[in-house]
Amino acid sequence: MNDVARQARVEFALALRRQWAGTLYPALVGQAGADPDRAAVHAAPVYPWFAWLERSAQKMLWRAVEDAVDAADAEDDLPASAPGLELNPGLRLPAWYTDVDIHIQPGGIWRADRDALVYEAGAKLVMLGENDDYAFHTLFTDTAVPDRPYERIVDLGCGFGKSTRPFKRRWPDAEVIGVDLSAPVLRLAAHRTAGLGIRYVQADAADTGLPAGSADLVTATMLVHELPPPVVAGVLAEAARVLAPGGVLRVLDFHPTGDAVRDLALVEHGDRNNEPYLPMLFDTDCLALCADAGLADARWVAFDERGAGRLETTRWPDRAEWHFPWAVLEARKPEDARV
Ligand SMILES: C[S@@+](CC[C@H](N)C(=O)[O-])C[C@H]1O[C@@H](n2cnc3c(N)ncnc32)[C@H](O)[C@@H]1O
């Protein structure tokens, strides 16, 4: 297959995804009727197409992306070591993590360097080319995080550094640390951000090994919906432990909207996209978990990635097409908390 054919394949899969979001989703909403239950949504004539296309377009994308990455072949070997890269070859990856090919990416994101490169290329496409310059994560950094100086920022579940880099850009004097389970994605992160002085630590976000009370900002973007409920509790407790008194927590993830079709589509997205713990997040009381961990003022607010970013409310702007209901979980460690 030549480059033109490869590009056409990616474009086709993306066009299908756009139809799914922009045409099938509004049709599903229309056919489901007012305030539908699950059965009414499932009975809509367009529903089988909606469900099938979501999973099929995603699989198609991965095949196209794998081909493109293999053809490029330029970066076979990511550096085994780099300044700031702290791998832990003895770390046992949990079975809940290794048993699932997350996002249907064949083989997952943790076995080999190629997995990280495929993940990176796929992540660009999932956002339909709209996050190539880190716009989504920069919006989060700029609108969802209190505007003040930070000394140490910890990004849990940092992946290949897409969420970590905007923090270093905005607070260049802060020590910025990304934590992830996957060695290949951390190698890619260190490679992509070489020279920026970011530390990357291979560890479980629920057990980072970082000193207690050592960070004034802990964040996690797109992480918690990938975790089984006990691990969500562990990660929030670990974030609280690592935070210094007065420090803040900012977690970006999904939250139910109260719109029956959108919320059902989101729950079922978990099944269709191999994110098995996503539906469980909506039965998990993260506010109570924050309180249990000693964090104060926990609340969710909406995050409009196509507009202003963090909103002061839990209402999202009305949109006919499918889009993910992103939200920010905010909390703080009281000034008088003990470390
Ligand atoms: C969807 S990606 C998000 C990456 C990045 N934060 C972003 O916004 O682009 C989730 C990342 O969390 C990592 N991860 C999942 N469970 C983890 C855990 N328990 N501890 C540390 N990292 C974890 C995965 O390896 C993956 O890189």
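Helices are DSSP runs of H or I with at least four residues, numbered from the N terminus. In the present model, which is predicted, C286 is found in one such element, helix α12, made up of residues 286–292. The relative accessible area of C286 is 3%, and the residue is therefore buried, the limit for that class being under 20%. C286 and W96 are 190 residues apart along the chain, and their C-alpha atoms are separated by 20 Å.

The description now turns to helix α1. This helix covers residues 3–32, 30 residues in total. From its first C-alpha to its last, α1 reaches 42 Å, a value close to the 44 Å expected at 1.5 Å a residue. The helix contains a kink of about 35°, centred on W20. W20 is also one of the buried residues of α1. Others in this group include R6, V10, A13, L14, L16 and R17, and further along the helix A21, L24, Y25, L28 and A32. The residue that follows α1 is G33, with a positive phi near 85°.

Packing between helices was examined next. Two packed helices are described by the angle between their axes and the distance between the axes. For α1 and helix α3, which comprises residues 47–72, the axes come within 9 Å and cross at roughly 160°. Because angles over 145 degrees count as roughly antiparallel, α1 is assigned to that class with respect to α3. The crossing in which α1 passes α3 is left-handed. The residues of this contact of α1 with α3 divide into 19 nonpolar, 1 polar and 6 charged.

Helix α3 also packs against helix α10, which spans residues 260–272. Here the angle is about 45° and the axes are 10 Å apart. This angle makes α3 oblique to α10. The crossing of these two helices, α3 and α10, is right-handed.

A contact is found between α1 and α10 as well, their axes coming within 10 Å and crossing at roughly 125°. The two helices, α1 and α10, are therefore oblique to each other. Their crossing is right-handed. Helix α10 thus packs with α3 and also approaches α1.

The dimensions and burial of α10 were considered separately. At 1.5 Å a residue, its 13 residues should span 18 Å, and the end C-alpha atoms of α10 are indeed 18 Å apart, so the two values agree. Of the 13 residues of α10, 10 are buried, and the helix is therefore largely enclosed by the rest of the structure. The buried residues of α10 include the charged residues R262, D263, E268 and R272. V261, L264, A265, L266, H269 and G270 are likewise buried in this helix.

Two residues of α3 illustrate an intermediate degree of accessibility. M60 lies in this helix and counts as partly exposed, because its relative accessibility is 25%. A68 is also found in α3, and at 32% relative accessibility A68 likewise counts as partly exposed. Both assignments follow from the cut-offs, since partly exposed residues fall between the limit of 20% for buried and that of 50% for exposed. The separations calculated for these two residues concern distant positions in the sequence. M60 and D297 are 237 residues apart in sequence and 43 Å apart in space, C-alpha to C-alpha. A68 and D3 are 65 residues apart in sequence, with 8.1 Å between their C-alpha atoms.

In helix α2, formed by residues 38–43, V41 was examined. V41 has a relative accessible area of 2% and is therefore buried. The C-alpha atoms of V41 and L125 are separated by 28 Å, the two residues being 84 apart along the chain.

Backbone angles in the loops were also inspected. Most residues other than glycine have a negative phi. H103, however, is a residue other than glycine with a positive phi, near 60°. It lies in the loop between α4 (95–98) and α5 (113–126). With a relative accessible area of 18%, H103 is buried. M222 provides a further case, with a positive phi near 65° in a residue other than glycine. The loop that contains M222 runs between β5 (215–221) and α9 (229–242).

Definitions and conventions
Residues numbered from 1 in each chain as written. Predicted model: local features only at pLDDT ≥ 70, side-chain atom pairs only at ≥ 80, totals over all residues. Heavy atoms only, no water. Expected span 1.5 Å × (residues − 1). Bend = angle between axes of the 7 residues up to and from the residue. Buried < 20%, exposed > 50% of the residue type's maximum accessible area, 1.4 Å probe, protein only. Axes fitted to C-alpha atoms, helices over the stretch in contact; angles between N-to-C directions. Parallel < 35°, antiparallel > 145°, perpendicular 65-115°, else oblique. Left-handed = near helix turned anticlockwise from the far one by under 90°.
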